[in-house]
Amino acid sequence: MSQEHRHQSNRRRLIKAAGAATASAGLELLGAPAFAQGARRIKLGYVAPITGPLASFGEPCRYVVDQMQARFKTISIAGRSVPVEIVLKDSQSNSNRAAEVAAELILKDRIDLMLVSSTPDTTNPVADQCEVNEMPCISTDCPWQPWFFGRGGKPEVGFKWAYHFFWGLEDVIEVFTNMWNSVQTNKVVAGMFPNDADGNAWGDPKLGLPPALARQGFKLIDPGRYQVLTNDFSAQIAAFKKANCEIVTGNMIPPDFKTFWTQARQQGYRPKVVSIGKALLFAPAIEALGDLGDGLTSEVWWGPTHPFKSSLTGQSAGQLVSAYESATKRQWAQSLGFSHALFEVAADVLKRARSIDDKPGLRDAIAATKLSTIVGPVAWTGKPVKNISKTPLVGGQWVKGKRYKYELLVVNNKTAPGVPLGGKMKLLS
Amino acid sequence: MPAALLGWTDTLVQGVMLGGLYGLFAVGLSLVFGVMRIVNIAHGDLIVLAAFGAIVATSASGTVPAPGLPLWIAAPLVVAAMYAFGYILQRGVLNTTIAGGELPPLLVTFGVSIVIQNLLLEFYSADPRSLAAGGLETRSVELFAGVTVGVLPLATLAIALGITAFLQWLFGRTNIGRAFRAASDDPEIAGLMGIATRHVYALATALALAVVAIAGMLLAVRTTVAPADGPNNLIYAFEAVIIGGLGSFWGTLAGGVILGISQAIGFRLSPGWGAFAGHIVFLAILALRPQGLFPRTRTQA
C-alpha cells in the first residue's frame, strides 16, 4: 500500500545531468570533486496523509508536488544549479507508519530536507524522527500546541531540528468567541470533544477552551471525552437539550459530526450556532451532510480571498485555487495553501543555504527564515515559543453556493482584518 | 414520569435503536460464519462498498459516471449487485481456499478488505460521503411524552427484525435452508446426498452480501462513509455475533441489541464509557459463556 511518488521524468533528467557532468569532468581536472558535485542532487522528502481516515487533509499534496516538481527542475545553491527530486510518502493517517516512512526517507533515500504536513498523527512522529536523526525539518498544518507540547516540547528549550508554522488553540478560541459574540445567543455552549490528541487539547481544563470561555462569560457544558467513531450521541444530545445550549462547539471528525447532527435533529435539538473544528473544514464533508450543512461555522486557515501571494510562483491565493480547481476538477481545500507554502519555505531555505551537505547550516537557514508566503508571513521569532511561527486565522460559514453546492465565506476577521469579509454571520434556522 | 426515569427510558430506547444497526451488521457475518466457518474480515469493507454503490448510483454529478437514479430504484439494484458479487466472490475465490482449513479463507478476506479500501480510495478519493434519503434522516416520532426517536433508527430496527425473521424462516422451513444447514454440518455427507455444496456456499455468501447491502445503505444515511471506515464496523458486528451465539439469527440480533443497550448505558454514565461498556459486556460473555447467550441448541428444526 506504500504510496511512493517519484517522478520518472526527473530521473531521466538526472541521468542526463550525470552524463553532462561526466563529459565536463575532463575540463575541470583541478576541481577534483567536480564529478561528485555535478551528480549531487537535492532530495526533498515529503510525508503527508494521502490515504486513511485523515486523507482529506492530504488531498492537495499530489497536485502541489506535481506543480513543484515541474517548477523546480533545478535550484541554485551557493551559485551552483542543483537538480531537485521530491519524494512523497504516505503516512496512511497512521502515526507508526508516519515514523516508519520518515526513517526510511532519512536513512534509505538519504534526503536533504524533510517536509511534513497535516494533523498531529503525521507531523509529530515525522518531526520526532528528524530530531533523532538530526535532519532539518519543516512542518505545517497542525495546531501548534499538539505539535509542540504533544511531542514533549519545553518552551524554554524548544527543539533542535524541526520547525513548524500554523496557528494555535488560542487563535481558534478567539475566532470562535468572536463569531459567537457577533450574534445574539444565551451564551450556553455545548462541548463535543473526542478522546484524541486534538479533543483532549481543546477540552483541556487549563490550556483549552474551558478557561477561555469562562473568561468571556460563556457557560460550557462538557459531558466528557467520547470515543472517536461513536455510533450514538443520544446521551450528549439529552444533556445539551436539558441545559438549553444554543451554541455547539468542539473538534470532531466528519462521520462523528454527521451522526451527531442527524441525531440532534431527530431528537429535536436545534442550536443556533454550530462551530466545530476539523469536521467542517472541507467541502465534501459539508456536502455529505445534505441540507444540514447550511450555516455551519468553522475556523478558516486559508482561502481564495486571503490577501497573500506565493513567493515561488507569484500566484495570488485566488489564482492558486483556480489553478488547482481546473487541474483536479475538485473544489479547493484549505490545506492546499499550506502544502504550497511548505515548498515556498523549503525553496527559500535552500536558496540561502551555503552548502547542501551542511545539515546544521541548513537548519540555521530554516530558523532565519523571513518569508512572505501564500498563507502569510513565516518567521521563527521565538514567539509564542521557539520552533513555532504563527499564521493568521479567521472565522467562516458554509452557505449554499453557485458554483459548488456549498461555499465557505469568511464571516469574522477580527483576528486578521487584512482578510476580506465574504458575508455576515447568520444564525442556524 | 419522573425526570430521572424518563432519562433512563430514553437511554434504553436509543440503545435498542443502536442495537438494531449492530444486529443488521452482525447477521451477514453470522450467516457466512455459520454456513462456511469463514471469518469474513472484509465484512465492514463490504458494508462500505455497498454504501458507495448506492451513493454513486444516486448521485447525479461527479468526476465518475453517475446515473442519478432515485433511491427506491438504486436500493434494490445495489442489493442485487451485492448478491451477485457475493456469489462470484464465494464461487470464484473463497471456495478454492476453503479446503485448507479456517486460516486460508480468513487471509483471503483480509486481502479482499485491503483491495476494496484501496480501489474505493483510488476511484472516489478519501472524501466522506453520505446517502441522501429525502429528509428521512432527520424525521422523528414521539414514542411517548419526552422520548422521541428518529424515523431512520426505527426503520433500521424494523428492517433488522424483518431480515432476521426471514432468514430464520429460510433456514428452518425451506429446502435451501436445509441445504445450508446440511452443508454446514457435514459438507461431505451433504455432497453424497446430492447437495452441490459449492453452489450452496455461494448462495449463502450471496445472501449475506444482500443483507450487507441493506446495512451499508442505512449506515450511509445515518452517518458518512469513507473508504477506510470498514474495519470500524467489523468490530461491533463481531461482538454482536459472539454475544448472541453462533448459528441463531435471533440470537445475533439479540446480541446486537444487548451491545447497543450496553453502549447507551455507558454513554449515559460518561461519553467515554460507551464503546468501553460494550467491550466489557462482550469480554464478560466471552469469559463466562463462550458459546454466547443464545447458541444453536436445537438439533431438530
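**Exercise 1. In this predicted model, locate Glu134(A) between its flanking elements, and decide whether its side of the chain is buried or exposed.**

Step 1: Glu134(A) sits in the loop that runs between H6 and strand S6 (137–140) of chain A.
Step 2: The backbone of Glu134(A) has a phi near 55°, which is a positive value in a residue other than glycine.
Step 3: Because a residue with 12 or fewer other C-beta atoms within 10 Å is classed as exposed, and Glu134(A) has 12 within that distance, Glu134(A) is exposed.

**Exercise 2. Carry out the corresponding analysis for Ser118(A): in which loop is it found, and is it buried or exposed?**

Step 1: Ser118(A) belongs to the loop between strand S5 (113–117) and helix H6 (120–133) of chain A.
Step 2: Its phi is near 80°, again a positive value in a residue other than glycine.
Step 3: The threshold for burial is 20 or more other C-beta atoms within 10 Å, and Ser118(A), with 28 C-beta neighbours inside 10 Å, therefore counts as buried.

**Exercise 3. Identify the geometry of the peptide bond from Lys383(A) to Pro384(A), and place Pro384(A) among the strands of chain A.**

Step 1: The bond from Lys383(A) to Pro384(A) has omega near 0°, and is cis.
Step 2: Pro384(A) is in the loop that connects strand S14 (376–379) with strand S15 (388–389) of chain A.

**Exercise 4. Describe the overall build of chain A, and explain why it can be called as compact as a globular protein of its length.**

Step 1: Chain A contains 16 helices and 17 strands.
Step 2: The radius of gyration of chain A is 23 Å, and since the globule rule gives a close value of 22 Å for 429 residues, the chain is as compact as a globular protein of that length.
Step 3: The C-alpha trace of chain A spans about 85 × 45 × 40 Å along its principal axes, and 56% of the 429 residues in the chain are buried.
Step 4: If one takes the contacts in chain A between residues at least 6 apart in sequence, 70% of them join residues at least 24 apart.

**Exercise 5. Into which domains is chain A divided, and how many residues does each domain give to the contact?**

Step 1: Domain 1 of chain A comprises 4–167 + 305–389, while domain 2 comprises 170–300 + 394–412.
Step 2: The C-alpha centres of the two domains of chain A are 33 Å apart, and their contact takes eleven residues from domain 1 and 13 residues from domain 2.
Step 3: On the side of domain 1 that touches domain 2, five residues are nonpolar, six are polar and no residue is charged.

**Exercise 6. Characterise the contact between chains A and B, first as a whole and then for the helix pair H11(A) and H1(B).**

Step 1: The contact brings 38 residues of chain B together with 37 residues of chain A.
Step 2: Among the elements of chain B that give two or more residues to this side are helix H1 (3–36), helix H4 (103–124) and strand S2 (147–150), and the largest share, six residues, comes from H1(B).
Step 3: Sorted by class, the side of chain B that touches chain A has 13 nonpolar, 18 polar and seven charged residues.
Step 4: Helix H11 (residues 234–243) of chain A packs with H1(B) at an angle of about 150°, their axes being 10 Å apart, and the crossing is right-handed.
Step 5: H11(A) contributes Ser234(A), Ala235(A) and Ala238(A) to this contact, and H1(B) contributes Gly7(B), Asp10(B), Thr11(B) and Gln14(B); by class these are two nonpolar, four polar and one charged residues.

Definitions and conventions: Residues are numbered from 1 along each chain as its sequence is written. Chains are lettered from A and ligands numbered from 1 in the order in which they are written. This is a predicted model: local features need pLDDT of at least 70, side-chain atom pairs count only at pLDDT 80 or more; totals for chains, interfaces and linings use all residues. Two residues are in contact if their C-beta atoms, placed from the backbone, lie within 7 Å. Helices (H or I, at least four residues) and strands (E, at least two) are DSSP runs, numbered from the N terminus. Ala, Val, Leu, Ile, Met, Phe, Trp, Tyr, Cys and Pro count as nonpolar, Asp, Glu, Lys and Arg as charged, and the others, Gly among them, as polar. Domain bounds come from an automatic or database domain assignment. Axes are lines fitted to C-alpha atoms, for helices over the stretch in contact, and angles run from 0 to 180 degrees between N-to-C directions. A crossing is left-handed if the near helix is turned anticlockwise from the far one by less than a right angle, and right-handed if clockwise. The radius of gyration is taken over C-alpha atoms; the globule rule is 2.2 Å times the number of residues to the power 0.38.
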